[in-house]
Every structure is written in structure tokens, then in C-alpha cells.
Amino acid sequence: MISANLSAIFYLISGILFILALRGLSSPDTSRQGNYFGIAGMIIAIVVTFLSVGNFSASLIYVVTFLLIGGAIGAFIAFKIPMTAMPELVAGFHSLVGLAAVFVAIAAFLNPEAFNLGVVGGIKLASLIEMSIGAAVGAITFSGSIIAFLKLRGIMSGSPITFGGQHFLNLILGIGIFILIYYLCITQSANIFWTVIMISFLVGVLLIIPIGGADMPVVISMLNSYSGWAAAGIGFTLENTALIITGALVGSSGAILSYIMCKAMNRSFVSVILGGFGADSSSSNTKEKQDQKPVKSGNAEDAAFLMKNASSVIIVPGYGMAVAQAQHALREMVDKLKKNDIKVTYAIHPVAGRMPGHMNVLLAEANVPYDEVFELEDINNDFANSDVAFVIGANDVTNPVAKTDPKSPIFGMPVLDVEKCKSVLFVKRSLSPGYAGIDNELFYKDNTLMLFADAKKMTEDIVKNLD
Amino acid sequence: MEIDPFIFRLSIFILSIFIGYYVVWSVTPSLHTPLMSVTNAISSVIIVGAIIAALAGSSESIFDISSIFGFLAIVLAAINIFGGFLVTQRMLQMYKKKKDKKK
């Protein structure tokens, strides 16, 4: 058994290793090393916990067994999961962190002696507040992530579910949780503790159901942040530095990602939370427009001809590309173009995938070198000097309306200046509007050639025509 | 007058938020997905609480109510730890530079 001071120092070390793990992600070169730092930090924290409890009772073997069971399940999932399903996986993992936080809080409430928090019915006031906040945030994270998971998986419809007085109800429940925690502190009643957790589960569900599919990147980041705050709450209860540091890191990380995602969609955080986006009401007016304007459409041969005679091509991939599983065919196409000494780069909008950085992972999986992939602000000026923009599976993020029409719902959203290219190839199945439910003006520009087909099929056909 | 240890923990917490703020802004946007999966993994350090709870059962009653919750939390957190780190590793392995590939 090691002293409390010594174990506190080890927890600090593991917290520092976690900071280094995140620091490593500043570049792909250092990122793998960063991940090892994270693993080392985790091993230290777990070993030190075993040593500090010291009393290796009969439970030890069970603890190790359960640890390995969980580990085996986790490892299995990690190797099996396709990269397109990363958003669901992360949402699912968030729910587990949330539920684990709830369980630890319950265990601490039922057996406070084990954590030096006092006795049953006489738990220290500060600890009681910390554990109920940890449990409440954990419960919200759990049920919220479950809903996000179901929506991303398509088990539940991605369209927002709203009803009258929804936000008022959330507000009441939120205030109710605080009032109950106050009474919990006075009475130490287990029933109130359970009620707080139950209401928090309900709040998590109510918070996420009104948020539409298009806002999912924000939701995942937000739940990431919540899972961090839940961990920090438990960290305060357990007086554990590693948990407090980690909780703060994860909490701020998720908050920053939410902010980045909101900015990329030009949506305020509040309006995302209030939800309802994507429940389109203006589609009637877009249909009229479609009838009036002429569209130029072409086939794979035209597209191949255009690209063969270009000297630079910018690829603009979107989630539709991943859905069609076109990324490998796309890379084949790019390889052919490169053989003809055509400069090819990729332009990625921050919300191109369904979670922050999702598109980068999908391209990396298709063996696209990461130094050919550029973020919006780094590449947007290059469109004017390029010959062809190849838009595949993206839509709203290329819509020039965001720059020109103040009445458009996406006005002000940063978009890729695709229309500045000499010619634009737009792979799409039909003229239907994207997530935001608005018509894309790009379809009707003189320099746009629409390629109506499935993204994978079209790309494969272009590859054939490039020979 | 002595300072409540809570204040020290609060200081660590607040300073860590600042560290997190600056460290996360320096993460390259192309690695935001691995960032989320790795933060997921490290937030499962909550397993330390679960282990304490699970080990607290006496030898006569290894599975009392409180330690059962501990055991359940161990499984959940372990799924996250192994799953989170391994899937991050899998993703990071895929990020390659142009040069590596051509040779």
C-alpha cells in the first residue's frame, strides 16, 4: 500500500501524460507518440489505484476479470468499426463515460466510507454536492448520447422532434434538479438522489431530440464536453487530480469543438440547442426556382475530358461521398490525373463529415496523403486559379448563396468558393436540396456541369474514361 | 487560517481548463476526430473511482450493492479505454505523408 501523497503525485503524472497526449495531436507526425503518452497515463492511474487500495481482498480477481471483459469488448469494437461509423461510435462511447460516472457516483453515495467521504446518511456536504452534480451531468450525457447514437445510426429519424413548451419544460426540470440537490444536502435522502438521476436522464433525452441531423457535429462535440464535466465532477468527489485534470481537458476540448462547428455553420450555440433546424418549411419556394432555370448536365466522358485538359483540379468531398463509398474510386481517379501531371488537392469544409475532422479520416483511410488535404481557409483562394473543381457528395458547403443572399438561412456561413474555378463538376444524384433544405445556386451557373449519378458509379466511369 | 483543500482542487481544475483551451486550439483540424476518440478514452480514467468502489466489498460480501455498481462501471470504462485508445491508434496509423507512399 502506498501513501496518499505518493499516489497523488502519480495521479498528477498521469494527468500530465494526458495533456501531452492531446498536445501530440497538433501534427500527424507526433500524434502516434501522443497516443502512447495517453495509454501510459492510463496504466499509471490504474496501477496506482490498485496499490493505494492495497487491501487485495478476494474482490481483486473479479476487478481484473471485469476489466478484461470490458477491454475485450472495447478492442473488438475498435477493430471492427468502419470509419464511416465513427460518429456513432464516439456517441456510444460518450454514453458509456456518462453511465460510468453515474455508477461511480451511486457507489460513492451508497458506500461513502470507501472513499473517505463520511458515513451513510452523514456524507460531507461538499462531497454530496460534487457527487450529485457529477451524477446529474453523467446521466444527461448518457441519455443524450444514446439519442444521438440512435439518430446517427438511423434507428431514429434525424428530423427534429419538437413540441410546445419544450424549452420551458427543460428549464423547469433543470431548476428542479438544483432544488432537489439542495434538499438532498439537507436530508441526505437516498430517494432524492435517485430522483435527481432519473430527472437528469429525462433532461438528456429532451435536450437532444429537438436537434436535427444537420447539427449532429455540434451535438457530438457538446456531449464530448459534457462527458468531461461529468468526469471532473466525480474527480472532485474522489479528490483525484488525474480525474480533475482530465475532466477539465475533455470539457474544454468538447466546448472548443462545438464552437468551431457552430462557426463553420454560422449558427449560434443557443440556436443549435433550441433545435428545429432541418425541419424545412421553405421547400415550396425552391421548387419553383428549379423549374425556371436551365441546368447543364454531362456524362463521365465530358468530365474526364475536362479534367484531362486541366492543369489543376481541386476535389471537394462531402459526406455523400462516404455514404456512396466512393473514396477509393476517387483516389484511383486522382492517381490517374496525377500521372498526367495534373496538380490535385482536396478542399475540406469543417462540417464536411458528420463530426469534426471526419472527412480527413475517411480520406486518410483511402490512402490520401494528409499533405494534399487542405482546410477551407487554406485553400479558398486557390479556387480562382484552378481549372476544375470536382464536387462529390458535398452540397450546402459550396452554395454561393451564403455570400450573396442575406435572406438565405445559411447566409454568413463560410463556404468554399467553388464557383470561382474555370469549370465545376458537380456529382449528385438529383437537383434536390441538401441538409439545409435550400437550393444550390451553383447548379445553374454557366461554368457548372452537373453529373447526375451515384458518386461511386460516376467516379468509376470517369476512371475508365481517363485511359 | 488554513486553506480548504477544495480550493487547491478548484485551482487545479481552473488551470487545467486553460491548459485544455490552449492545447486543443493547437490541434490540427484534420485530427479532430482522433481528438474526440482520445478524449473519450482519457475521460474513462473515471475507472479509478470504479475500482475503489469495487474493491471496497468485504471478503464475505464481494458483491454488495455499492460494489456491484463499481463492477459495472469498470466494464463500461474498460470498454471505453481499450476501444478509445485502439480506435485512435487505428485512425492515426492511416495518416500518411506523400513521400512515404511513393517510395
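Tutor: A cavity is a set of points, on a 1 Å grid over the protein atoms alone, where a 1.4 Å probe fits but cannot get out. This is a predicted model, where local features need pLDDT of at least 70, side-chain atom pairs count only at pLDDT 80 or more, and totals for chains, interfaces and linings use all residues. Residues are numbered from 1 along each chain as its sequence is written, chains are lettered from A and ligands numbered from 1 in the order written, and side-chain values use heavy atoms, leaving out hydrogens and water.

Student: What is the volume of the second largest cavity?

Tutor: The structure holds 2 cavities of 30 Å³ or more. A volume is the space filled by probe spheres set on the grid points, which are joined across faces, edges and corners. For the second largest cavity this gives about 30 Å³.

Student: Which element gives the largest share of its lining?

Tutor: Lining residues have an atom within 4 Å of a point, and here they include Ala21(A) and Leu25(A) as well as Val38(B) and Leu92(B). Two elements give two or more residues each: α2 (28-53) of chain A and α4 (65-94) of chain B. Helices (H or I, at least four residues) and strands (E, at least two) are DSSP runs, numbered from the N terminus. The largest share, 3 residues, comes from α2(A).

Student: Now the open pockets: which element gives the largest share of the lining of the second largest pocket?

Tutor: A pocket is an open set with protein on both sides within 12 Å along at least five of seven lines; the second largest one has a volume of about 690 Å³. Among its 24 lining residues, Ala4(A), Ser7(A), Tyr11(A), Leu238(A) and Glu239(A) are the closest to its centre. Both chains take part, as α1 (4-24), α2 and α9 (241-264) of chain A and α1 (5-25) and α3 (47-55) of chain B each give two or more residues. The largest share, 5 residues, is that of α1(A).

Student: Why do some strands of the open sheet in chain A have one side without a neighbour?

Tutor: The sheet has 6 strands in the order β5-β4-β3-β6-β7-β8, with parallel pairing. Two strands pair if DSSP finds at least two bridges between them. One side is left free because two strands stand at the edges with a single partner strand each: β5 (373-375) and β8 (448-452) of chain A.

Student: And which residue in β7(A) is the bridge partner of Ala389(A)?

Tutor: Strand β6 (388-392) and strand β7 (423-428) of chain A pair in the parallel sense over 5 bridges. Across from Ala389(A), the partner in β7(A) is Val424(A).

Student: How much area do chain B and chain A bury between them?

Tutor: Contact means heavy atoms within 4.5 Å, and 79 residues of chain B are in contact with 107 residues of chain A. Buried area is the accessible area (1.4 Å probe) that two parts lose on being put together, summed over both. With 78% of it on carbon and sulfur atoms, the total is about 8600 Å².

Student: Which three residues supply the most of what chain B buries against chain A?

Tutor: One trio supplies 9% of the area that chain B buries against chain A. No other three residues supply more than Met36(B), Ile46(B) and Leu55(B).
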